[in-house]
Amino acid sequence: MFCIFFPFIIICIILHLFSFKVFNAKTAELLSHHQVEIKQKFPKEGWVEQDPKEILQSVYECMEKTCEKLSQLGIDIANIKAVGVSNQRETTVVWDKMTGDPLYNAIVWLDLRTQSTVERLINRTPGKNKNHLKHRTGLPISTYFSAVKLRWLMDNVEEVRRAISSGRAMFGTIDSWLIWSLTGGKNGGVHCTDVTNASRTMLFNINTLDWDPELCQFFDIPMKILPKVRSSSEIYGLMIYSFKRFFFFPYQKSGSLTGVPISGCLGDQSAALVGQMCFQDGLAKNTYGTGCFLLYNTGQKPVMSEHGLLTTVAYKLGRDKPAFYALEGSVAIAGAVVCWLKDNLGIIQSAGDVEKLAALVGTSYGCYFVPAFSGLYAPYWEPSARGIICGLTQFTNRSHLAFAALEAVCFQTREILDAMNRDSGIPLAQLQVDGGMTSNKLLMQLQADILCIPVVKPSMPETTALGAAMAAGAAEGVRVWSLDPKDLTAVTCERFEPQINPEESELRYARWKKAVLKAMDWETSEPLSNGNAAAGQRSLTVAVAVLCVRAACLLHHSRTPGVNVTECLRTLR
């Protein structure tokens, strides 16, 4: 997501959708926006990439289109006073500082190609402990974080190795790539990141708030390619950019926002925490996007989780301001499961259809869906897990599967909320939510039912953009947005109260946990032994064939009422 706020701008990247929004700084009212879709690339199973040049071009397009819309509304774009950036935190880019060109596609946070790298690194630690670095980083050694993605690039991409050797390489998460490109690029662009993004790399010490030489040595990554770490709210540089006005003309046009300072930078989940105004210890929010991310403000001291959560930097709103920390529960697959139902199974035509389809039955009828497409994140951190659908009967149809998919998002949130309550010792009385999926009222009611506490949704659910705007506007030298609690605009909210009894909620949750156990230890990077490889492959082929046949029958049955699944299977034998 890329957003402009009146009188400032925020850039926000969220997986494949890029949007640019304009808000009134005094009222937080949304004035205008523009968005485009960014293509995802899946070159191999488990690999997820994006083109950094396409991301940058989308930024240019969204900025210019939004400026045009502002002019049509009679708003002078000279009122735009600052730029803020919010982004996927772990997605990794390496580029050539001499040419300005990326040396490889951006490796997205969900990507699983680094599993063997992770296993090799864990095997080097005392006791083969994935939490060996947690006292410095707050994170387990996992495919999720940037250091292992960068390590893979260094091990497997010759252009990256050569650029590092010759001193031409720059590394960064998406915020670094955008800020560098928008402040001049190869002609003096600012190479920086903020503490929230840096804290997701595994190269950053959350206690000293700087890159850690020993962590860089552990991953064998040269510190010279790392961006400078800054606070989340300060002026990093001025916008200096041009773009092709029309692709069929060769000339460049100066950007409409050239000269505007970039003064805010927050990882997407930290931006949502700020946007939800969770500035006090004990306040939390859950963002429902591609994944699901629950952050709990723990104040100015990092709290190490004993129950599978991450410790991360929540924000540092000024060069001389203290850093605040959060406990975080990360779920890899939330909104992505709806995309899977649409794109892979074809049982819905659009993401919005899932609510209507699930509402037709109002129950999963004992069907449970664990969407561990990229392994399981918090609280398990089990990369070997894979997706599983269980509890199927001849009665199961598309609607039950859609309902089970929505329940899966809620059950995963319940797991990380339980872990958070145990770590903090103070159970949350209600859950503040945001993100695109919160427009699904059935999902929000299910969430309240499964958590047994109220769910509170602000009227403007995309608080990620709002948080980054607040950081940009509050920066020294800009000061057009006050973060003083008495000056913050009150937000209207919709409240969802639990509607089922706790006993039913606990029963459904217990069956979900049983399904999770069945999804564990499914995948391994170890090759089969010589004698068993062919037999294993044959067994896998047969199993996949049977699964596909059964799936075909179930889908046919769901689309053609009255067709008997048993008869269908007997015919296909």
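**Aromatic rings and a helix crossing**

In this predicted model, R113 is placed over the face of W47, at 3.9 Å from the ring centre. A second arginine, R414, lies over the face of Y509, in this case at 4.0 Å from the ring centre.

Rings also pair with one another, and a pair of aromatic rings is described by the distance of the centres and the angle of the planes. The count comes to 25 aromatic pairs. One of them joins F218 and F219, whose ring centres are 5.0 Å apart and whose planes stand at 85°, so this pair is edge-to-face, an angle over 60 degrees being what that class requires. Both F218 and F219 are buried. In the pair of W340 and F373 the centres are 5.2 Å apart and the planes lie at 40°, so the pair is tilted. This pair links distant parts of the chain, with W340 in helix α10 (residues 335–345) and F373 in the loop between β22 (368–370) and β23 (388–390), 33 residues apart. F373 is partly exposed, with a relative accessible area of 28%. Elsewhere, ring pairs link W109, Y144, F145, F293, Y377 and W381 into a cluster.

Turning to the helices, the axes of α9 (residues 268–275) and α14 (residues 463–474) come within 6 Å and cross at roughly 80°, and the two helices are therefore roughly perpendicular to each other. On the α9 side the contact is made by D268, A271, A272, V274 and G275, while α14 contributes T463, T464, L466, G467, A468 and M470. Sorted by class, the contact of α9 with α14 has six nonpolar, four polar and one charged residues.

Key
Residues numbered from 1 in each chain as written. Predicted model: local features only at pLDDT ≥ 70, side-chain atom pairs only at ≥ 80, totals over all residues. Heavy atoms only, no water. Phe/Tyr/Trp six-rings, centres within 6.5 Å; stacked < 30°, edge-to-face > 60°. Buried < 20%, exposed > 50% of the residue type's maximum accessible area, 1.4 Å probe, protein only. Helix = DSSP H or I, 4+ residues; strand = E, 2+ residues; numbered from the N terminus. Lys NZ or Arg CZ within 6 Å of the ring centre and 35° of its normal. Axes fitted to C-alpha atoms, helices over the stretch in contact; angles between N-to-C directions. Parallel < 35°, antiparallel > 145°, perpendicular 65-115°, else oblique. Contact = heavy atoms within 4.5 Å. Nonpolar A, V, L, I, M, F, W, Y, C, P; charged D, E, K, R; others polar.
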